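Here is a short tour of one strand and the annotated site beside it in the sequence. Have the model open as you read.

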Amino acid sequence: MEKVHVFNHPLIQHKLSFIRDKKTSSKDFRQLTNEVGMLMGYEITRDLPLEEVEVETPVEKTTCKRLAGKKVFFVPILRAGLGMVEGLLSLIPSARVGHVGLYRDPETLIPHEYFVKLPKDCDKRQCIVVDPMLATGGSAIAAINSLKLRGVKEIKFMCLIAAPEGVEKLRKEHPDVEIFIAGLDSHLNDHGYIVPGLGDAGDRIFGTK
């Protein structure tokens, strides 16, 4: 099965064009990021398990399907990943949310973990790791390492924008993890930023510099 999925849906590509635009305000950036997250979520959750249940319609009893068992939890990589969670929760309001906090050394670009909080039953749930950017791949790899150390077995990674270097590195370190991307860009520059990219996602989501 192909492990890297790049979305070409017209609505996602349309919204992504405004997300990239430097003139887009923080308010609109946040809204668009959540909207794209929700649209991507439909495809990412395609394989969630279902079970049959009996319901009574106004006409008669029938058999329907509902999500089965321990479903899913989302893990935004702090802080920028928070900008995509609301859209996913609008699809699955009952989902749990864990958090992994990482900061990247500006000189070495190496990520350092400073916070992890996960649901107690995380080993029984499908996990979707969320971060707007997959640049060098370091943060995604560190977050997934942290999750696996805590017993999480089924992991997917979702981002708005990715660089080929980061995709290749993540595939090499975690070949079992499916990667979902709204836009695959050209390359990384000397500072580890994706080109053409969208700038610093965290700053644009929260209006900081």
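## A strand and its partners

Let us start in the middle of a sheet: Phe74 has Ile128 of β8 as its bridge partner. The model is a predicted one, and in it the pairing of β4 with β8 (residues 126-130) is parallel and runs over five bridges.

Phe74 also has a bridge partner in β5, namely Val97. That strand, β5 (residues 96-97), pairs with β4 in the parallel sense through two bridges. Further along, Leu78 is bridged to Gly101 of β6; β6 (residues 99-104) runs parallel to β4 and is joined to it by two bridges. As for the connection between strands, β4, α3 and β5 form a right-handed β-α-β unit.

## How β4 is enclosed

Which residues of β4 lie on each side, and are they buried or exposed? On one side are Val72, Phe74, Pro76 and Leu78, on the other Phe73, Val75 and Ile77, and all of them are buried. In a regular strand, side chains alternate between the two faces of the sheet. Here both faces of β4 are covered. Because seven of its seven residues are buried, β4 is largely enclosed by the rest of the structure.

## The annotated binding site

The UniProt record, an unreviewed entry, carries a "binding site" annotation that covers Arg79, Arg104, Asp131, Pro132, Met133, Leu134, Ala135, Thr136, Gly137, Gly138, Ser139 and Asp200. From this set, the lining of the largest pocket includes Arg79, Arg104, Asp131, Met133, Leu134, Ala135, Thr136, Gly137, Gly138, Ser139 and Asp200.

## Two residues of the site

Where does Arg79 sit? Arg79 belongs to the loop between β4 (72-78) and α3 (85-91). Its relative accessibility is 34%, so Arg79 counts as partly exposed, a class that lies between 20% and 50%. Beyond residues up to four places away in sequence, Arg79 touches Asp200, Gly202, Asp203, Phe206 and Thr208. One of these contacts, Asp200, is also covered by the "binding site" annotation in the UniProt record.

Ala135 lies in another stretch of the chain, the loop between β9 (133-134) and α4 (138-149). Why does Ala135 count as buried? Its relative accessibility is 13%, and buried means under 20%, so Ala135 falls in that class. Setting aside neighbours within four places in sequence, Ala135 is in contact with Ala163, Glu165, Gly166, Leu188, Gly192 and Ile194. Both Arg79 and Ala135 are part of the lining of the largest pocket.

Technical notes: Residues numbered from 1 in each chain as written. Predicted model: local features only at pLDDT ≥ 70, side-chain atom pairs only at ≥ 80, totals over all residues. Heavy atoms only, no water. UniProt positions renumbered as here; feature names shortened; annotations may be inferred. 1 Å grid on protein atoms, 1.4 Å probe; cavity = no way out; pocket = protein on both sides within 12 Å on 5 of 7 lines; lining within 4 Å. Helix = DSSP H or I, 4+ residues; strand = E, 2+ residues; numbered from the N terminus. Buried < 20%, exposed > 50% of the residue type's maximum accessible area, 1.4 Å probe, protein only. Contact = heavy atoms within 4.5 Å. Pairing = 2+ DSSP bridges. Right-handed = clockwise from strand over helix to strand, strands pointing away.
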